[in-house]
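Dear colleague,

I am handing over the structure below for your review. The notes that follow it set out what was found.

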Amino acid sequence: MGFEVLTLEKMNVKTIYKVFEDAFTDYFVTFEKKPEMHIERWLSAGVDFALSYGVKKDQELVAFLLHAPREDFVMNLATGVRRDHHGQGLTGMMYQKALPDLRARGFLRTKLEVITLNERAIRAYEKAGFQKTRILRSWKGDLTDLTSSPEFRYKVLPPVLTAEHQGLIQHPYAFEQDQVTVTRRSGMLELHELRSEEKLCAYAIWNPLQMNLVQMEGEDEKALSTLLFRMQLQNEHVGMINVDEKKKVVNDFFERHGLKNFLSQYEMELVL
Ligand SMILES: CC(C)(COP(=O)(O)OP(=O)(O)OC[C@H]1O[C@@H](n2cnc3c(N)ncnc32)[C@H](O)[C@@H]1OP(=O)(O)O)[C@@H](O)C(=O)NCCC(=O)NCCS
């Protein structure tokens with residue numbers, strides 16, 4: 001006993017990071033021990049520390065839950081419990097305080113993403129009341145066998161998405177790939193478009209530094225192949241994370257053109 005659940009607005013972010021680093025030691029994917037990288041991700045995704053929770057034991061932080069608000073829901077961007085406190089129900093304890101608080105503040109739902117192999121975390125989230133809503137696939141590898149069809153016109157633009165782009169989206173993007181994130185990170189992103197006559201046939205939101213696709217939509221295989229060819233990505237190593245498994249054109253395209261589905265996540269949701 002002796003646990004205290006609190007919100008994190010007065011907590012030094014480096015203290016949170018230390019618990020994060022301990023919790024994610026021996027994780028499912030290589031954990032980069034770079035505080036700036038993780039803290040920058042949290043802040044740029046809009047973490048609100050007054051809506052985030054922690055557990056203290058003997059005045060020391062031993063667990064945390066980071067939330068970013070968006071419209072009517074809050075996104076969980078990280079959950080971590082120090083390894084010497086695993087299995088003591090601390091995640092449940094934080095949710096017991098968080099859920100009524102968030103409800104009282106008018107939020108309708110809370111969401112998270114969890115690696116499908118992370119059974120311990122899935123168990124903890126299900127105990128708190130979350131349900132799996134969809135599967136998101138992550139891809140990486142060398143793009144092969146791209147061909148370019150001459151009827152398309154190709155253009156690179158600043159990353160401003162309009163209703164025309166949204167018209168091609170059939171499955172909503174996950175939190176860190178959606179329109180709000182694209183707008184927030186626009187300084188480091190590009191929009192690549194492919195048109196036939198005036199009609200938009202494919203587009204990609206591209207991060208040239210990280211060589212990853214943040215968004216990509218296309219009418220069919222031919223349009224996607226031409227788009228990526230004109231982006232000069234033939235035989236380049238690229239990645240795209242969190243592609244809804246129902247997004248058949250894109251998933252099939254990656255499978256046929258050299259990429260591997262190296263990781264999958266469940267999106268989970270709890271109605272407050
Ligand atoms: C996932 C995590 C946050 C769960 O926190 P927690 O407060 O320890 O969770 P719980 O105490 O509710 O335990 C959850 C399940 O983990 C399993 N578990 C508990 N202790 C364990 C231990 N020491 N070793 C292995 N499994 C354990 C149990 O199956 C338990 O379910 P049960 O209560 O039905 O038996 C924590 O394990 C953690 O920080 N993991 C590393 C980081 C991570 O994966 N974060 C989530 C990313 S989405």
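The residues of the shell around the ligand divide into seven nonpolar, nine polar and three charged. In this grouping, Ala, Val, Leu, Ile, Met, Phe, Trp, Tyr, Cys and Pro count as nonpolar, Asp, Glu, Lys and Arg as charged, and the others, Gly among them, as polar.

Please note that this is a predicted model, in which local features need pLDDT of at least 70 and side-chain atom pairs count only at pLDDT 80 or more, while totals for chains, interfaces and linings use all residues. Residues are numbered from 1 along each chain as its sequence is written.

To return to the ligand, 19 residues surround it, a residue being near a molecule if its C-beta atom, placed from the backbone, lies within 6 Å of it. The closest are Ala23, Gly87, Thr91, Arg120 and Ala121. Two or more residues of the shell are given by each of β4 (73-81), α3 (90-104) and α4 (119-128); the largest share, five residues, comes from α4. Helices (H or I, at least four residues) and strands (E, at least two) are DSSP runs, numbered from the N terminus.

The domain assignment of the protein chain gives domain 1 (3-129) and domain 2 (138-265), with bounds that come from an automatic or database domain assignment. Their centres, taken over C-alpha atoms, are separated by 31 Å. Nine residues of domain 1 are in contact with nine residues of domain 2, contact meaning that the C-beta atoms of two residues, placed from the backbone, lie within 7 Å. On the side of domain 1 that touches domain 2, strand β5 (residues 109-115) contributes the largest share, three residues. That side divides into five nonpolar, two polar and two charged residues.

Strand β7 (residues 153-157) lies largely in the open, because the number buried among its five residues is zero. A residue is buried if 20 or more other C-beta atoms lie within 10 Å of its own, exposed if 12 or fewer, and partly exposed in between, with C-beta atoms placed from the backbone. Five bridges join β7 to strand β8 (residues 190-196), and the two run antiparallel; strands pair if DSSP finds at least two bridges between them. Val156 has His192 in β8 as its bridge partner.

Finally, Gln177 lies in the loop between α5 (163-166) and α6 (179-184). Gln177 is buried, with 20 other C-beta atoms within 10 Å. Not counting residues up to four places away in sequence, Gln177 touches Val214, Gln215 and Asn242.

Yours sincerely
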